[in-house]
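Subject: Structure for you to look at

Hello,

Here is the structure I promised to pass on. Please open it beside this message and follow along.

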Amino acid sequence: MGRTRDAFPDYRGEMEYVCQGCGSRFPATELYYTCPDCGGVFLLKDKRFAELMETPGDTWREIFDARAASKNPALQGIFRFYELVAPILEPEDIVSPGEGQTPVVRANPHLEKRVGQPLAFKNEGQNPSASFKDRGMACAFSYLHSLLRHKQWERLLTVCASTGDTSASAAMYAAYVGPPVTSVVLLPRGKVTPQQLAQPLGSGARVLELRGVFDDCMKVVEYLAENCPVALLNSKNSWRILGQETYAFEVAQWADWQTRDKAVFVPIGNAGNISAIMAGFLKLHKLGIIRELPRIFGVQSRHADPVYRYYSVPPQERVYEPVSVRASAAQAAMIGNPVSFPRVRALAEEYQARAGESGFQVVQVSEQDIVEGMLEANRHGHIACTQGGECLAGLIRARGEGAISGDTTAVLNSTAHSLKFQSFQQMYFEDSFPPEYDIEPRSELINQPQAIQGGEASPEGDRRAFIAQAAAEVMDRLGLSSS
Ligand SMILES: *Cc1c(COP(=O)(O)O)cnc(C)c1O
Ligand SMILES: [Zn+2]
């Protein structure tokens, strides 16, 4: 066990894919996307995990805390938690261009008072491609990198469908690894923000736009995965789930490993992230690194809520049914048939067995609450995206339902940077949301640039007169007088 902070660990696990549909297992020496026996999704397990349990929890805590200061590039980013992520990689495989270690920012007293609850945002928008997707891509690309080395492939075409951020991240990581890796992304035309479209274009990926929604793009890439030699990077790819588990590790480390009285709020789209976060906390709990599991709240919009619907009825009445999505400002989570649903079901069962029924819940919020959650957060100094706003709305909802008490600290996942989703802020401020969003802006939250009339500043004109006139108007607007 590499106990000094810079030493790469000696431990090597033995990873295998475990199908969530039929239980079949396959060795991780090959790239599998879905189960060859039943088409189910996988979770990756380390067959030697029991050996890790021989190390006491406080030793693990010391190791991970010491590594926070490591200068070894193979132990940075998500790989600070190497043994819990993909302990089959060698240092030269690791692809880690600065993801992870995102700040957790406690809300100011004004916002906490308004919400009636201690809360913090974990700013996943401060990842390199400005969303949490980089955690999963770091793991998936490191694994692909190790396959390239072992199998001496001459080319590797990576493919994904995306609501915007998966493609931004995949394209960036592919560009960072470089030849022989190339990247193709499929996007639903007109359904990603201009910023999210600019990202894969800037990384040099081939960007294909489809007339359809995300779920249609997904079907096309799955067809490709079944019929062509490509590596699919959607969250069915279980290597991504592994990398995303590090969100849970970082939340626990931020809390100094005291996860009692903590509640973690996560938006659910394709449900990869919530699966990963549950899996991550479960690992920490099994290793004795944390003593109590935090509570986990999934959040969904009324306009895309299949997971909420499933859990909103008693266990014996639950039937999973995909829904047709309606327009959502939480666009990155606007998914009617989440591919990771079987993972959620399996992990939620395990989570609830350890943490009780209330350990995992799903709440539903309105589109209005999502956008206003984002605006409120950002008016209090955060950089929340619409999905971060969805988490704040979810917290307020959970509080309203009495599902969470005022002495719990809520950690809200702002899954991307606010700037990626500024078009929703703009539609609110301009009152230009199409009717299907069901959003009516409230004047007190609207903020618009105000033109100062004054004169026209021209090179020939009288600049001093212009400045005097403009200054007078500014003073007038602000209610200032000369002192
Ligand atoms: C992908 C994404 C989501 C949804 O995450 P899932 O893992 O698909 O549930 C939420 N927010 C942002 C910003 C995303 O990019
Ligand atoms: Zn199977």
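Below is what I found in it, part by part.

First, a caution: this is a predicted model.

**Domains**

The domain assignment splits the protein chain into two entries. Domain 1 covers 104-128 + 241-443. Domain 2 covers 450-483. Their centres, taken over C-alpha atoms, lie 46 Å apart.

**The sheet**

Look for an open sheet of 6 strands. Their order is 4-5-13-10-11-12, and the pairing is mixed. Strand 4 (104-106) and strand 12 (360-365) are the edge strands, so each of them pairs on one side only. On average, neighbouring strands of this sheet are turned by 25° against each other, with direction ignored.

**Strand 13**

Now find strand 13, residues 409-414. Which strands pair with it? Strand 10 (residues 262-267) runs parallel to strand 13, and 4 bridges join the two. Strand 5 (residues 119-123) is also parallel to strand 13, with 5 bridges between them.

Some individual partners are worth clicking on. Val-264 has Val-411 as its bridge partner. Lys-262 has Thr-409. Phe-121 stands opposite Leu-412.

Is strand 13 buried or exposed? Buried means under 20% relative accessible area. In strand 13, 6 of the 6 residues are buried, so the strand is largely enclosed by the rest of the structure. Both of its faces are covered. Thr-409, Val-411 and Asn-413 are on one side. Ala-410, Leu-412 and Ser-414 are on the other.

**Helix 10**

Helix 10 spans residues 246-254. Because 8 of its 9 residues are buried, helix 10 is largely enclosed by the rest of the structure. The buried residues include Tyr-247, Phe-249 and Val-251. Glu-250 and Gln-253 are buried too. After the helix comes Asp-256, whose phi is positive, near 55°.

**A patch on the surface**

Finally, turn to the outside. Which residues make a nonpolar surface patch? Ile-452, Val-474, Leu-478 and Leu-480 do, and the patch is about 350 Å². Leu-478 belongs to helix 17 (residues 463-478). Why does Leu-478 count as exposed? Exposed means over 50% relative accessible area. Leu-478 has 58%, so it counts as exposed.

Start with strand 13, then move out to the patch.

Best wishes

Conventions. Residues are numbered from 1 along each chain as its sequence is written. Chains are lettered from A and ligands numbered from 1 in the order in which they are written. This is a predicted model: local features need pLDDT of at least 70, side-chain atom pairs count only at pLDDT 80 or more; totals for chains, interfaces and linings use all residues. Side-chain values use heavy atoms; hydrogens and water are left out. Patches are made of residues with over 30% relative accessible area and no salt bridge: like charges are joined within 9 Å, nonpolar side chains (Val, Leu, Ile, Met, Phe, Trp, Tyr) within 5 Å. Accessible areas come from the Shrake-Rupley method with a 1.4 Å probe; for residues, only the protein chains shown count as cover. A salt bridge is a side-chain nitrogen of Lys or Arg within 4 Å of a carboxyl oxygen of Asp or Glu. Helices (H or I, at least four residues) and strands (E, at least two) are DSSP runs, numbered from the N terminus. Buried means under 20% relative accessible area, exposed over 50%, partly exposed in between (1.4 Å probe, protein chains only). Domain bounds come from an automatic or database domain assignment. Two strands pair if DSSP finds at least two bridges between them. Axes are lines fitted to C-alpha atoms, for helices over the stretch in contact, and angles run from 0 to 180 degrees between N-to-C directions.
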